[in-house]
Amino acid sequence: MHSHQICIIGTGPAGSAIALKLKQLGFDVLLIGQDEFSRNFKVESLTPGVFTLLDTIGVKMDSFAAQIIRPDQVFQKWEDKTVHPDNLSALLVDRSKFDKHIFLAASNLGIKVLQPAKVVFLQEVDRTWEIRLIYKGKHEKIKAEFLVDASGRKSVLKGTKKRAAAHTLAICGSWKNTGLPKSSMMLESTMDHWLWGGTLPTEIFNATVFLDPDIDLVGGGNVLMNYYTSALEKAKLFNFCQRGEPVGKISTFDVTPYYYEKPAGHNFIKVGEANFGLDPLSSQGIQSAIVNAIQGAIVVNTILSDRRNSMDALEFYKQRQQEIFVNHLEMVSKSYQEARHWKDHLFWRKRTRIGPAPIGGWERKASLEVQSEMVQFSDQSRIAPTTCIINDQVIRRMGLLHPGLKRPIVFWDNREIDSILDNIKGIYSISDLIGKWSEKISETSSLKLFDRLREAKVIISAN
Ligand SMILES: Cc1cc2nc3c(=O)[nH]c(=O)nc-3n(C[C@H](O)[C@H](O)[C@H](O)COP(=O)(O)OP(=O)(O)OC[C@H]3O[C@@H](n4cnc5c(N)ncnc54)[C@H](O)[C@@H]3O)c2cc1C
């Protein structure tokens, strides 16, 4: 039985990204994936930040540039009128080709790869992982010291999964000969669901209906197909699909947002959708999966470099997972609220309600006004040890903590925050406080720091 230091299961964006980063950090990595990147044509929308992130881990996009499509036409009927926003930064890609590009960048670094290989059983024996898989039609068994679960929503490593928003089901289908202009994107809200569609410069149009599975979907045979076609027919923008013909079968996905209660332990880590799933309305799934994979590599590096730092690394990872969630829920709730004319309907009411934040808070609003105003740090502010990343390791440093800050502040303008703030007791005029900080960092940076702390209610009026 072959033994490996780190075994990564899954060759989606998260699996390939963490494999790359861990290899760069000098680890012996085995990457296992069942995907042959030949899945049915599937368009997804990416934020431009994805490409910047990939660049930071050495994935060159030059040879892929021609495959990244800025849609020629965008049709959006989210509020009551159809608009053609020309300032959208969304980019369209064929997911199979995109995933393959990152996977090849990883395998070209000399990472060991088993593909196509499906993991069928996992167990931990004497602090070592035993992994059984089917590779080239044969059963094999391997061992690993550390396991990375990057296997997506179905996640090979089970644990407590917490639902974070209303149940949502996606029904996806493809259409041809619709007469739709090439490379276009569509978004529409209707009373009971929302729809997204996109096409690359091919004649296939992907259309997805997002609905609440709690509605009555009972019935025989083609109940989902009937629901799907009727949702397209009733929609103002998507009813043109009926002019064309369906290609292949529809597929369904549970896209309810969730996160795992324990995202990592001393000998395992969950990354990407094996760790948390976001609402597809944000189009942030892939970007967040890659961010999370890079953070995950730093956590693994910290644990395996010196086990005494494991607890700090695990705490850091849990905080980052929750931070992504808080930001995400806040953002999608705002987007659902923008469909104002449906605000009284159940589907929309369920999605504009934000539950209690896993950590941190959402309240924000304030700005720098009168510099003579007297202010103080709120009683909830503390300077205390917290975790941060320095040189690809999770390290404990003094940071500024407050419930209004989504993340403790450890550095500001490349200086440790406790050396800037010095003392957080006492009452100061705003100009005195900024003057004091400006001895250590620039005045502009002091003003930005003040504004940030005021917004988060770390600094409050003393009047
Ligand atoms: C309908 C829908 C629309 C979406 N639209 C967007 C969008 O427009 N923009 C966006 O950014 N995100 C979107 N997302 C989310 C996005 O697809 C995910 O965020 C992304 O795929 C997560 O990447 P990942 O690497 O974590 O997981 P995946 O991409 O799911 O990769 C997991 C990999 O693990 C492999 N695997 C699983 N089990 C095993 C096993 N037992 N053995 C071996 N290999 C295994 C799988 O084959 C797969 O290759 C959408 C999701 C859905 C469902």
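**Note on the predicted model: loops, strands and helices**

1. Lys457 is found in the loop between helix H10 (443-455) and strand S26; helices (H or I, at least four residues) and strands (E, at least two) are DSSP runs, numbered from the N terminus. The phi angle of Lys457 is near 60°, a positive value in a residue other than glycine. Lys457 counts as partly exposed because its relative accessibility is 37%; buried means under 20% relative accessible area, exposed over 50%, and partly exposed in between (1.4 Å probe, protein chains only).

2. On the basis of the model: this is a predicted model, in which local features need pLDDT of at least 70 and side-chain atom pairs count only at pLDDT 80 or more, while totals for chains, interfaces and linings use all residues. Residues are numbered from 1 along each chain as its sequence is written, and side-chain values use heavy atoms, with hydrogens and water left out.

3. Asn391 also has a positive phi, near 50°, and is a residue other than glycine. Asn391 sits in the loop that lies between strand S21 (382-390) and strand S22 (393-401). With 70% relative accessibility, Asn391 counts as exposed. Another backbone feature concerns Pro116: the peptide bond from Gln115 to Pro116 is cis, with omega near 0°. Pro116 belongs to the loop between strand S6 (112-114) and strand S7 (117-125).

4. Strand S26 (459-461) recurs as an edge of a sheet, as does strand S25 (427-429); each of these edge strands pairs on one side only. The sheet itself is open and has three strands in the order S25-S20-S26, with antiparallel pairing; two strands pair if DSSP finds at least two bridges between them. Strand S20 (residues 374-377) and S25 are joined in the antiparallel sense over three bridges. Within this pairing, Met374 has Ser429 of S25 as its bridge partner.

5. Strand S13 (residues 193-198) merits attention for its burial: six of its six residues are buried. On one side lie His193, Leu195 and Gly197, and on the other Trp194, Trp196 and Gly198, so described because both faces of S13 are covered.

6. S13 has an antiparallel partner in strand S12 (residues 184-189), to which five bridges join it. The two strands S12 and S13 form a hairpin with three residues between them. In this pair, Ser189 has Trp194 of S13 as its bridge partner.

7. S13 also runs antiparallel to strand S14 (residues 205-211), and six bridges join the two. S13 and S14 form a hairpin with six residues between them. Trp196 stands opposite Thr208 in S14. Is Thr208 buried or exposed? Thr208 counts as buried, at 8% relative accessibility. The C-alpha atoms of Thr208 and Ala231 are separated by 9.9 Å, and the two residues are 23 apart along the chain.

8. Strand S3 (residues 43-46) shows burial on both sides: Val43 and Ser45 point one way, Glu44 and Leu46 point the other way, and all are buried. Four bridges join S3 to strand S5 (residues 91-94), and the two run antiparallel. Leu46 has Leu91 of S5 as its bridge partner.

9. Helix H3 (residues 95-107) has 13 residues and should span 18 Å at 1.5 Å a residue; its end C-alpha atoms are 18 Å apart, which agrees. The expected span is 1.5 Å times one less than the number of residues. At the start of H3, a side-chain oxygen of Asp94 comes to within 3.1 Å of the backbone nitrogen of Ser96.

10. The buried residues of H3 include Arg95, Phe98, Asp99, His101 and Phe103. Ile102 also has its place in H3, and at 0% relative accessibility Ile102 counts as buried. Between Ile102 and Asp62 there are 12 Å from C-alpha to C-alpha, although the two residues are 40 apart in sequence.

11. Finally, helix H2 (residues 49-56) and helix H5 (residues 285-305) have axes that come within 9 Å and cross at roughly 25°. H2 is therefore roughly parallel to H5; angles under 35 degrees count as roughly parallel, over 145 as roughly antiparallel, 65 to 115 as roughly perpendicular and the rest as oblique. The axes are lines fitted to C-alpha atoms, for helices over the stretch in contact, and angles run from 0 to 180 degrees between N-to-C directions.

Note on methods. Polar contact = N/O pair within 3.5 Å; in protein donor to acceptor, adjacent residues only side chain to side chain.
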